[in-house]
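Student: I should like a close look at one part of this model, namely the place where the two chains meet. Please set it out in a connected way, and then place it beside the contacts and pairings found elsewhere.

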Amino acid sequence: MNLHTPPAIANVVPPAPPETALPAAPRDWAPLLLVPALMLITLPLVADFPTWITLTVAGLAMGMMIFLMASGLTLVFGLMDVLNFGHGAFVAVGAYAATMVLIPMQASLEVDSLMLNLGVLALAITVAMVVTALLGWAFERIIIAPVYGQHLKQILITMGGMIVAEQLINVIWGAEQIPLPLPTALRGAIIVGDAAIEKYRLVAVVIGLVVFVGMSLILNRTKLGLLIRAGVENREMVEAMGYRIRRLFVAVFAAGSALAGLGGVMWGLYKETLTAGIGAEIVVMMFVVIIIGGLGSLGGCFIGALLVAMVGNYAGFLAPKVALVSNIGVMMLILLWRPAGMYSNLRR
Amino acid sequence: MLTRLLSGDSPRSRSLSIVLLLIFLGLALAPFITTGARPINTAATICIYIVLVASYDLLLGYTGIVSFAHTMFFGIGAYGVGLGLASVEEPTWTALFSGLLIAIAVALVLALVVGLFALRVRAIFYSMITLAVASSFAVLASQLSDFTGGEDGKTFSVPELLSPGFTLMEGEWFGRALDGKLLTYYIVFAGCLLLFLFLLRLVNSPFGRVLQAIRENEFRAEALGYRTVLYRIWANCLAALVACLAGALMALWLRYVGPKTMLGFEVMTDILLIVVIGGMGTMYGSVIGATLFIIAQNYLKSLMAQGSSALEGVPVLAQALHPDRWMLWLGVLFVLSIYFFPLGIVGKLRMLKLRRTQATGA
């Protein structure tokens, strides 16, 4: 008997199972309606349609940027049960890494050519994502790997990692503020009717949507996504089937960090100046978004980001003092409604 | 007598007792064994930080709750006293105490609300929520400039008895004038001592034991019949109360309130560092940690500046020793101590002692 040929049984096609479709999981629509509802409610309050459009687009764009940064955090939490308090550092590193491309190539950014501008921007984003992915990989290996399953230590250690990373940024790139001007082609606004929509915000909306759709598709429609989800459900089983789930999860962590880097570039360009504290400032917003969305839920994170950013924008227009605490207000309301966040798809 | 005062929780290590005694004597006599404004400032800061860190240890070390809102309560106490005194023309004790009472009420209500909202959920959730709430509070304090003085904060004067202009007795004792500043120092010192003993009493009471049980195994504590949520909310409120009082003392000492010194995230990281380095779950850890930390913060920075200028020519080393890099080394120390030194200084000393007694007993 030849041991090298696979047993014949592998070639036997099993009889097709009878067609009994599983009942579809009930869809939870209520959170999806929150954003449109918010838009409808604020329209009469703002009263001025062009202003409302401007505010809405600005809110959407900001929401998308927050989503970019927070998606990696919630992904890593949902899959690996690691809450990375140092995630803000990846955002900052991403933004700083982009300056390594953007500042030497300043001249190409000032040329009024959309293609050239976007090309440089894409290069900067790529560099930022590569750098943060590598950093994330190292961070996971060195800082987080020894404390899996210990939440208290995880919180403390990632916090410490954030302090160190922030200081290292100061050592490497200097402690001064770095100006980060927008590419010429992305400056200014498009006038639609009477409403002014800033070009950069449109870019942010497009990138955010692409990432959201891409991530959802990968997680829900590919074998990779299947493995990841299976690994979350039952790690040992997936390992027993011969997959190296550990490697897969490290890759997920690196991907999450790269997303933070991408978000960092977007956010840095939006703020137009960089300080090492940029990550620590935004990490709070990310946490609010993730709490609202439900820990580990990608869709919840998306809706939460939009909700927080839009409420903040509308409130900034209608009642500026309230805007300062609007995100906490939204969080409290959502937690009153659903104590574990909008989508709590966690069993742990 | 002493055992009673320490609630039966003796240091349980000879070297620890000696160090604690030295710190106690040093702080008690600080105005007389040092001269100048800087050492006495350092001593007062140490006193206040001991209480602040000890109250945080009640949460982190004894109950296993990671809260990032502790500076918020500290700030509320400070702002209560500060704004109370700043709101009146002539500073009076009434203004001081009414400000303090309002601060305590606000702190307790906030602690209760945050606790009710968040303590029912898992540890990580609670940390995130407190971080969000605390940072919003800090933003609010720096933005409502009409009320709080904004980023600049507010300076105010204290009742005459405590002001440096007041003279208790003519002449000098050991080179220190007996003035209102000295009196303030001893109010701070005594207040901190009382608060610390109160915390010690608390963690060694049956209540404290339940908190420790919750830290070790919440599920089992619940199964034994303790309403763990209630206990955690209580711990949260008590820690907030003590932090609030520590903040009030801080304001009284500095005669200034501002978002950076009271609410800044740096204060929170300092607290975390001190708890971890001193030793979680040991009240004495906060004493040793705070003393080391504050002295290092005040004096090591100048030492680093000297080192940095001495190494001017050496590129990397000069950068690394720059006084602004102080936080970098602390961060590294923090991470390393969580890995390799999880018991902290006090825990380590006690462990050594325990090993020795076991070795001789066997």
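Tutor: The account below begins with the interface and then turns to salt bridges, cysteines and two individual residues.

The model is a predicted one, and every value quoted here is computed from it. At the interface, 38 residues of chain B are in contact with 42 residues of chain A. The area buried between chain B and chain A comes to about 3,600 Å². Carbon and sulfur atoms give 84% of that area. On the chain B side, B:Ile124, B:Met128 and B:Tyr339 supply 18% of the area that chain B buries against chain A, more than any other three residues.

Which kinds of interaction does the rule find across this interface of chain B and chain A? It finds 0 salt bridges. Polar contacts are present, with 3 residue pairs joined in this way across the interface, both residues of each pair being at pLDDT 80 or more. The elements of chain B that give two or more residues to the side touching chain A are α6 (123-143), α13 (265-278) and α16 (326-340). Of the side of chain B that touches chain A, α6(B) provides the largest share, 13 residues. By residue class, that side of chain B divides into 27 nonpolar, 8 polar and 3 charged residues.

Salt bridges do occur in the model. Over all chains, the structure holds 6 of them. In general terms, side chains of opposite charge can pair when their charged atoms come close. One of the salt bridges is formed by the side chains of A:Arg246 and A:Glu140, at 3.3 Å from N to O. A:Arg246 lies in helix α10 (residues 245-271) of chain A and A:Glu140 in helix α5 (residues 114-144) of chain A, so this pair ties together parts that are 106 residues apart in sequence. The two partners may also be described by their accessibility: A:Arg246 is partly exposed, at 29% relative accessibility, whereas A:Glu140 is buried, with a relative accessible area of 0%.

Another salt bridge in chain A joins A:Arg235 to A:Glu239, with the closest N and O atoms 3.8 Å apart. Here both residues belong to helix α9 (residues 235-240) of chain A, where they stand 4 residues apart, about one turn of the helix. A:Arg235 is partly exposed at 35% relative accessibility, and A:Glu239 is partly exposed with a relative accessible area of 36%. In chain B, the side chains of B:Glu216 and B:Arg215 meet in a salt bridge of 3.1 Å, N to O. B:Glu216 counts as exposed, at 57% relative accessibility, while B:Arg215 counts as partly exposed, at 32%.

The cysteines come next. How many disulfides does the structure hold over all chains? The number is 0. For B:Cys192, the closest cysteine sulfur is that of B:Cys47, and because the two sulfurs are 5.2 Å apart, they are too far for a bond. B:Cys192 is itself buried, with a relative accessible area of 5%. B:Cys244 is likewise in no disulfide, the nearest cysteine sulfur, that of B:Cys237, being 12 Å away. The relative accessible area of B:Cys244 is 0%, and this residue is therefore buried.

Two single residues complete the picture. A:Thr56 lies in helix α2 (residues 49-80) of chain A. This threonine is buried, with a relative accessible area of 6%. Its side chain is joined to that of A:Tyr314 by a polar contact of 2.8 Å. When residues up to four places away in sequence are not counted, A:Thr56 touches A:Met39, A:Met310 and A:Tyr314.

In chain B, B:Leu168 lies in strand β2 (residues 167-173). Its relative accessible area is 45%, so B:Leu168 counts as partly exposed. Neighbours within four places in sequence aside, B:Leu168 is in contact with B:Leu178 and B:Asp179. The C-alpha atoms of B:Leu168 and B:Ala44 are separated by 20 Å, and these residues are 124 residues apart along the chain.

Note on methods:
Residues numbered from 1 in each chain as written. Chains lettered and ligands numbered in written order. Predicted model: local features only at pLDDT ≥ 70, side-chain atom pairs only at ≥ 80, totals over all residues. Heavy atoms only, no water. Disulfide = S-S within 2.5 Å. Buried < 20%, exposed > 50% of the residue type's maximum accessible area, 1.4 Å probe, protein only. Contact = heavy atoms within 4.5 Å. Buried area = accessible area lost by both parts, 1.4 Å probe. Salt bridge = Lys/Arg side-chain N within 4 Å of Asp/Glu carboxyl O. Polar contact = N/O pair within 3.5 Å; in protein donor to acceptor, adjacent residues only side chain to side chain. Nonpolar A, V, L, I, M, F, W, Y, C, P; charged D, E, K, R; others polar.
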